[in-house]
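Got a minute to look around a protein chain? Have the sequence and the model open side by side, and we'll go through them topic by topic.

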Amino acid sequence: MKKVNDYFSDKNYNLEKKELFEKFYHFGCHVSELRNDNDYIKLEVFDNDLILYNDNGNIICFDNICPHRGAPFICGNKEDGCQKLVCPYHGWSYQNGKLIIPNRNQFDDIEISKSDLVKYKIDKVGNFIFFSKEPIMSLKEQLGEFYSTLEMISKSIDKRIDLNKNEFLSNWKISLENALENYH
């Protein structure tokens, strides 16, 4: 039996981030949520502020950090919306797959060549969008026999409907065990 402190240790947190978050695909959103150019969804996963974004019809996922000085492209607590990706700090922006740097001639070419968004890989199951930092297998392999069922479900939905939202601090492993344990 695990001790409660095992769930909260920094060692386990870092291991989960590396082995679960970075190596596998995770659900991001439904395509209807990113229908228009500049539509975005902001997600907080571990200590990462991620953005799923419609860049002129191309869906991208990236860390919400400008590669110049680390300011967020999308500020505040709003979880979805529509806005151009422009860093409020120095005006660096991202559009049509390219980083746009004002006063480019003031920067060393080597510094610019290494500058880009920290992007995640995107894959879809029907109309569901998934993301992963460095997947160790394809999304289809990861989902196995559930792939076709999930694809069918995704096509029967045309928009997100939230009836309510309750945010609470919880360790995901304890929540999962509570759901699986007959005692609860």
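What follows is a short briefing on this chain, from the whole fold down to single residues.

Keep in mind that you're looking at a predicted model, not an experimental one. The protein chain folds into 6 helices and 10 strands. Its C-alpha trace spans about 65 × 40 × 35 Å along the principal axes.

**The whole chain**

- Of the chain's 184 residues, 33% count as buried.
- About 12,400 Å² of the protein chain is exposed, and 51% of that comes from carbon and sulfur atoms.
- Take the contacts between residues at least 6 apart in sequence: 54% of them join residues at least 24 apart.
- There are 24 positive and 29 negative charges, and the mean positions of the two groups are 2 Å apart.

**Strands 4, 9 and 10**

- In general, strands of a sheet pair through backbone hydrogen bonds, either parallel or antiparallel.
- Strand 4 (residues 58–63) and strand 9 (residues 119–125) run antiparallel, joined by 2 bridges.
- To find that pairing on screen, look for F62, which sits opposite K119 of strand 9.
- Strand 9 also runs antiparallel to strand 10 (residues 128–132), this time with 5 bridges.
- Here D123 is a handy marker, with F130 in strand 10 as its bridge partner.
- Strands 9 and 10 make a hairpin with 2 residues between the strands, and G126 in that hairpin has a positive phi near 60°.

**A sheet of three strands**

- Strands 6, 7 and 8 form an open sheet in the order 6-7-8, with antiparallel pairing.
- Which strands are at the edges? They are strand 6 (85–86) and strand 8 (98–100), each of which pairs on one side only.
- Strand 6 pairs with strand 7 (residues 93–95) through 2 antiparallel bridges.
- V86 and S93 are a pair to look for, since S93 of strand 7 stands opposite V86.

**Two cysteines without a bond**

- A disulfide is a covalent bond between the sulfur atoms of two cysteines.
- How many disulfides does this chain have? The count comes to 0.
- Why don't C66 and C87 make one? The closest cysteine sulfur to that of C66 is in C87, and at 3.9 Å it's too far away for a bond. The cut-off for a disulfide is 2.5 Å between the sulfur atoms.
- Both cysteines are tucked away: C66 is buried at 2% relative accessibility, and C87 is buried with a relative accessible area of 4%.

**Residues in loops**

- L34 is in the loop between strand 1 (26–30) and strand 2 (39–45). Is L34 buried or exposed? It's buried, with a relative accessible area of 3%.
- Beyond its neighbours within four places in sequence, L34 is in contact with several residues, including C29, Y40, L52, I59 and I129.
- L34 and F146 are 112 residues apart along the chain, and their C-alpha atoms are separated by 24 Å.
- I157 sits in the loop between helix 5 (147–155) and helix 6 (172–180). At 31% relative accessibility, I157 is partly exposed.
- Setting aside neighbours within four places in sequence, I157 is in contact with H30 and F128.
- I157 and L50 are 107 residues apart in sequence, with 24 Å between their C-alpha atoms.

**Positive phi away from glycine**

- Most residues other than glycine have a negative phi.
- N38 has a positive phi, near 75°. N38 lies in the loop between strand 1 and strand 2, and it's buried with a relative accessible area of 15%.
- F46 has a positive phi too, near 50°. You'll find F46 in the loop between strand 2 and strand 3 (48–55), where it counts as partly exposed at 27% relative accessibility.

**A buried glutamate in a helix**

- E16 belongs to helix 2 (residues 10–21). E16 is buried, with a relative accessible area of 13%.
- What does E16 touch beyond its neighbours within four places in sequence? It's in contact with F21, F46, W172 and K173.

Technical notes. Residues numbered from 1 in each chain as written. Predicted model: local features only at pLDDT ≥ 70, side-chain atom pairs only at ≥ 80, totals over all residues. Heavy atoms only, no water. Helix = DSSP H or I, 4+ residues; strand = E, 2+ residues; numbered from the N terminus. Buried < 20%, exposed > 50% of the residue type's maximum accessible area, 1.4 Å probe, protein only. Contact = heavy atoms within 4.5 Å. Areas by Shrake-Rupley, 256 points an atom, 1.4 Å probe, with all protein chains shown as cover. Lys, Arg positive; Asp, Glu negative; His and termini not counted. Charge placed at Lys NZ, Arg CZ, Asp CG, Glu CD. Pairing = 2+ DSSP bridges.
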